[in-house]
Amino acid sequence: MKQELATGKSIIPGIAEGIAVVSQEPFSFAGEFDRRTGTISNPRSNLFGESLKGKVFVYPYGRGSSCTSAVLAEAIRCCNAPCAIINVQVDPILVIGVLVAEALYSMTIPILGVSQETFRLLHTGDNLIIDAVAGKLYRKESA
Amino acid sequence: MRLRDDERKMLQGYHGEGVAIAMSVMVKLGQIYNAEEMIPISMAHIDGCVYTLGQAALDFAEKLADTGARVCVPTTLNMGARDITRWQEFRIPLDYAQGCQRMEQAYLKMGAIPTWTCTPYLQGIIPHFGEHIAWAESNAIAYANSVIGARTARYGDFADICAALTGRVPKFSLHLSSHRRGEMLFKLPPANRIDFNDDSLYPVIGYIVGSIALDRVPVIDGIPKNITADQLKAIGAAAASSGNVALFHIIGVTPEATTYEDAFQGKEPVDIIVIGEKELHETHTRLSTVEEGKADLVTIGCPHASFTEFEQLNRLLARRRIREGVEFWVTSNRVVYSWLEQTGLLESLKSSGIKVMTDSCILSGPYIEHWGFKLAVTNSAKFAHYAHKQINVIFGSLEKCVDAAIKGEVRKSET
């Protein structure tokens, strides 16, 4: 069973399914993420040590650092990246990282932009299906 | 987004695969921002040329270079991860140096100028007022937009070289006059209450402004007109570290803020922040992780030191030698370095025990881990901000840095 949660804006098209990790705080892949292990490396974050590998990573918006693109592209190359990203406000630096991974390795992850209201509906542990082709977001419910 | 014929041809591969990839990245960037069209740029500064970011960054540079793509505007390079001529002296491992070299070669093959500095504006290849450029490196972006009045968005890794290869950027962000309007007003205490000759004041002001403004455009009021280029550099670097400040105005100083009305484009600020002496003092203190200790690294030149800063350092050293066991590193670029050689300043600094590192940056290479530094003393808020995670830091004026180097320690009463 899947329940349609909301529509969103497809920033990078693609379809993915995974368990959500939701951060209420803004996030930077440069400096807060270990691309070698795929875990959150900021000791001040309450998600410290949490693995993002293969997860649907949900956070409101990016904290800026110009290295984000390179770190995300590297994480995608090493298969340590989330399987999808959901943001309220999508940082172009993030998008460029995905585009470059696609150009180099033909590997990509979908990015979906959602409203603040939709963001509030999402919780760590939710089983989500992201359709960033049609711009739709589903929650999968155990039968 | 509307594309002109020549832009569409780039996208379709008429100019090779590298340019096509670069154009597709630029077009996507424009689409996300709902840009109506592209605009030509006349200069680029590349930040993605540092070999610390992993294999993907190297793969991207080599892939573009291998397609034969070349930059179509004058393109300067940010610092890399090693001092290209003296890397062994700074204990860079061979395999790491080889990685750096591949990265350097890729960007040089694409026709970039080997400036290797985060302060391209200190060595002569600079834009003019109102010129559209694509610069990366947050302190350089802040300086170009704010002090020179050139126009660049916050470009980062990959987008920077894509702009250099296509000579185009989306018409968005700080390229548009409306986005350059001041949004928040920061008021400083009067000149009789704070010491504007204290060089540690400027990074502190920048740090406070950045941490409150985040990505809005701050306007600072109350700074003396005779503020120096080094002090402006320190404000921008700090504001771009604690926040995402890419443009700031200083009333009566920076070119788009000759008056209050100019700075806010005839509108009113959305917020007015009064910075008191207390906040200045607290922020100064907060930039240090400890109050005292035995210093094993003293470092200035973040962003890269100007010739004037070397002169001040030499004057403060007054021919004294720094203490055994302390490393004193100044990071800068080769243009400034050649001036140090020509004037004899380099010899003087060396005889005091100072090491000058060019082409590189302590935080961009594996220096701290390879030297095992525990406590760094610096006059840079940017260095203090980013070094926190790796090492203890004490922040202070240039004079404090010199004092720490001579004594080999900082005592609480002195910080």
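In this predicted model, chain B contains an open sheet of 4 strands in the order β8-β7-β6-β9, and the pairing is parallel. The edges of this sheet are taken by β8 (249–250) and β9 (271–274) of chain B; each has a single partner strand, so one side of each is left without a neighbour in the sheet. Strand β7(B), which spans residues 218–221, runs parallel to β8(B) and is joined to it by 2 bridges. For a reader who wishes to find this pairing in the viewer, a handy landmark is Val219(B), which stands opposite His249(B) of β8(B). Helix α7 of chain B, residues 201–213, lies across three strands of chain B, namely β6 (184–187), β7 and β9. The angle between α7(B) and β7(B) is about 145°. As general background, strands of a sheet pair through backbone hydrogen bonds, in either a parallel or an antiparallel manner.

A further set of parallel pairings in chain B is centred on strand β11, residues 297–300. Both faces of β11(B) are covered: on one side Leu297(B) and Thr299(B) are buried, and on the other Val298(B) and Ile300(B) are buried as well. Strand β12(B), residues 327–332, runs parallel to β11(B) and is joined to it by 4 bridges. Within β12(B), Phe328(B) is the bridge partner of Val298(B). The route from β11(B) to β12(B) passes through helix α11(B), residues 307–317, and this β-α-β crossover is right-handed. Strand β14(B), residues 375–378, also runs parallel to β11(B), with 3 bridges between them. Here the bridge partner of Thr299(B) is Thr378(B).

The loops on either side of α11(B) hold two backbone features that merit a look. In the loop between β11 and α11 of chain B lies Pro303(B), and the peptide bond that leads from Cys302(B) to Pro303(B) is cis, with omega near -5°. In the loop between α11 and β12 of chain B lies Arg319(B). Arg319(B) is not a glycine, yet its phi is positive, at about 65°. Arg319(B) counts as exposed because it has 8 C-beta neighbours inside 10 Å, where the cut-off for an exposed residue is 12 or fewer.

Turning to chain A, the fold comprises 4 helices and 10 strands. Their succession along the sequence is β-β-β-α-β-β-β-α-β-α-β-α-β-β. The radius of gyration of chain A is 14 Å, close to the 15 Å that the globule rule gives for 143 residues, so chain A is as compact as a globular protein of that length. Along the principal axes, the C-alpha atoms of chain A fill a box of roughly 40 × 35 × 25 Å. Buried residues make up 46% of the 143 in chain A. Contacts in chain A also reach across the sequence: among those between residues at least 6 apart, 78% join residues at least 24 apart.

Chain A has a backbone feature of its own at Ser106(A), whose phi is near 50°, a positive value in a residue other than glycine. Ser106(A) sits in the loop between α3 (92–105) and β8 (111–113) of chain A. With 7 C-beta neighbours inside 10 Å, Ser106(A) counts as exposed.

The two chains also meet, and the contact takes 22 residues from chain A and 24 residues from chain B. On the chain B side, α2 (17–32) and α3 (55–66) each supply at least two of the residues that touch chain A. The largest share on this side comes from α3(B), with 6 residues. By class, the side of chain B that touches chain A has 12 nonpolar, 6 polar and 6 charged residues.

Gly54(B) offers a closer view of how the chains meet. Gly54(B) is found in the loop between β2 (44–46) and α3 of chain B. Leaving aside neighbours within four places in sequence, the contacts of Gly54(B) are Arg35(A), Ala70(A), Val71(A) and Glu74(A). Gly54(B) has 19 C-beta neighbours inside 10 Å and therefore counts as partly exposed, since a buried residue needs 20 or more. Within chain B, the C-alpha atoms of Gly54(B) and Gly99(B) are 10.0 Å apart in space, although the residues are 45 apart in sequence.

Note on methods:
Residues numbered from 1 in each chain as written. Chains lettered and ligands numbered in written order. Predicted model: local features only at pLDDT ≥ 70, side-chain atom pairs only at ≥ 80, totals over all residues. Contact = placed C-beta atoms within 7 Å. Nonpolar A, V, L, I, M, F, W, Y, C, P; charged D, E, K, R; others polar. Rg over C-alpha atoms; globule rule 2.2 N^0.38 Å. Pairing = 2+ DSSP bridges. Axes fitted to C-alpha atoms, helices over the stretch in contact; angles between N-to-C directions. Right-handed = clockwise from strand over helix to strand, strands pointing away.
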